[in-house]
Amino acid sequence: MNRADETFQVSEIISRYVLGSMTESEKEELDGWLDRSPRNKLLFEELVRQEVASGKILAYGRVEWEDALKELLEQKKKLRLAGRKRRIIRLGSCAAVLLFACMGIWFYYIQAGNALIGEGEVHKEIPKLLAGKPQATLQLASGKTVFLTSDSSRRLEPEYGVEIRQDSGVIKYQVAEVQGGKEEQYNMITVPRGGEFTLILSDGTQVWLNAETSLRYPVEFVGKERRVFLEGEAYFSVTKDADMPFRVEILQQTVEVLGTEFNVSGYMDEAAIYTTLVTGKVKVATDDGENMVLAPGEQSMLDCRDGHLDKREVDVEKVIAWKKGMFILEEQTLEEIMQKFTRWYDMEVVYRNEDLKDIVFKGVVPRYTELREVLNILEKTNEVKFDIEERTVIVFK
């Protein structure tokens, strides 16, 4: 399969992912493609980034652009659901296919130097609130601070026999020389609002860090356990080592694993800590002595106010959608949705009416689009309106 065909095939699978019609084999293909290389994740980000789909493609034989756009506009008029304070926000099939197909084609031809941009290109005004992008601050054990972006690849100065390399939006630790009897030395990576970053620890464990998240971890794991300290949200793919369990401390709880994949979210401004198991097995323990074991597809919820620990079954794909470039609004209140947006778009929210916080939405929107486009989708329910003033979103009826 040549590069153009592969890119278009991936874009079609992503479209079906958005529509919720992806088969199990397509899911495995997409996951495998994303995990194959850190560069594929960056490619994925380009496929869903708003500026990629900025309307510059004028023609392509496999899609009827003009008819598709007309259908998209018609479907936008029908985004209503009867029911008390409940509205469904859906991307129509044509809209999703159009969006992702455009992105895939654009990215391939720009990379290959054969952009399908015609004469009379329209220049679009730069939006005020862009989606987040790879950026973080790395504090080394030596006290040195390094600002990380996705624009560079470099080798940092080795620390305690461990090489640290940056490859675009990924930081990788690799043990260069084994030194026995040494103490653990810690680094800390901090992802700000409007950011995300990927980290590969010295044992090979891969960590995807969401916006407004910090992780403190050893440069090299020493002793009988691998322990890291998290605040915020991260997805872990832990390297198996039965003799050295992996533990994540997050606020009032500890997650213990041997080798697995899971998502954990615990922000200081939220009332609960959520741990969702994708594969393997984890044990969740609270500071008060409560504990439980999770099976794949289960999520624990620790109420930070009373310390109560509970669990439930969830749709894992919806929980980890942020890692794959989507916001899945699964019957969430507007307040919960806007809380996610404040971190990703680095903005503040003001409600003119407190009752608006309780409106419930359901649907799927791209994570890498400009904020105004996302808010426009929510406004189609006719339940809420938004104004943007600098970096503040005003919510009203």
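The exercises below work through a predicted model, each with a solution in steps.

Residues are numbered from 1 along each chain as its sequence is written, and side-chain values use heavy atoms, with hydrogens and water left out. Local features need pLDDT of at least 70 and side-chain atom pairs count only at pLDDT 80 or more, whereas totals for chains, interfaces and linings use all residues.

**Exercise 1.** Describe the surroundings of Y173, taking its strand, its burial and its polar partners in turn.

*Solution.* Begin with the strand: Y173 belongs to β6 (residues 170-175), where strands (E, at least two residues) and helices (H or I, at least four) are DSSP runs numbered from the N terminus. Next comes burial: the relative accessible area of Y173 is 2%, and the residue therefore counts as buried, a term for values under 20%, with exposed over 50% and partly exposed in between (1.4 Å probe, protein chains only). Finally, the side chain of Y173 makes a polar contact of 2.6 Å with that of N187 and another of 2.6 Å with that of Y217; such a contact is a pair of N or O atoms within 3.5 Å, of which, within protein, one must be able to donate a hydrogen and the other to accept it, and residues adjacent in sequence count only if both atoms are side-chain atoms.

**Exercise 2.** Identify which residues touch the most other members of the largest nonpolar core, and which strand gives the most to this core.

*Solution.* A nonpolar core is a set of buried Ala, Val, Leu, Ile, Met, Phe, Trp, Tyr and Cys residues joined through side-chain atoms within 4.5 Å. The largest one has 42 residues, and I189, L215, F236 and F262 touch the most other members. Strand β11 (residues 226-237) gives the most to this core, namely four residues. A second, separate core of 28 residues includes L129, A131, I337 and V393.

**Exercise 3.** Work out the strand order of the sheet containing β21, and then examine α8.

*Solution.* The order in this open sheet of three strands is β21-β24-β23, with mixed pairing; two strands pair if DSSP finds at least two bridges between them. The edges are β21 (348-351) and β23 (385-389), each of which pairs on one side only. Between β21 and β24 (residues 392-396), which run parallel, there are four bridges, and E348 has T392 as its bridge partner in β24. Turning to helix α8 (residues 371-379), L371, V374, L375, I377 and L378 are buried. These residues lie on the same side of α8 because they cover an arc of only 150 degrees around the axis, the arc being that of the directions from the helix axis to the C-beta atoms.
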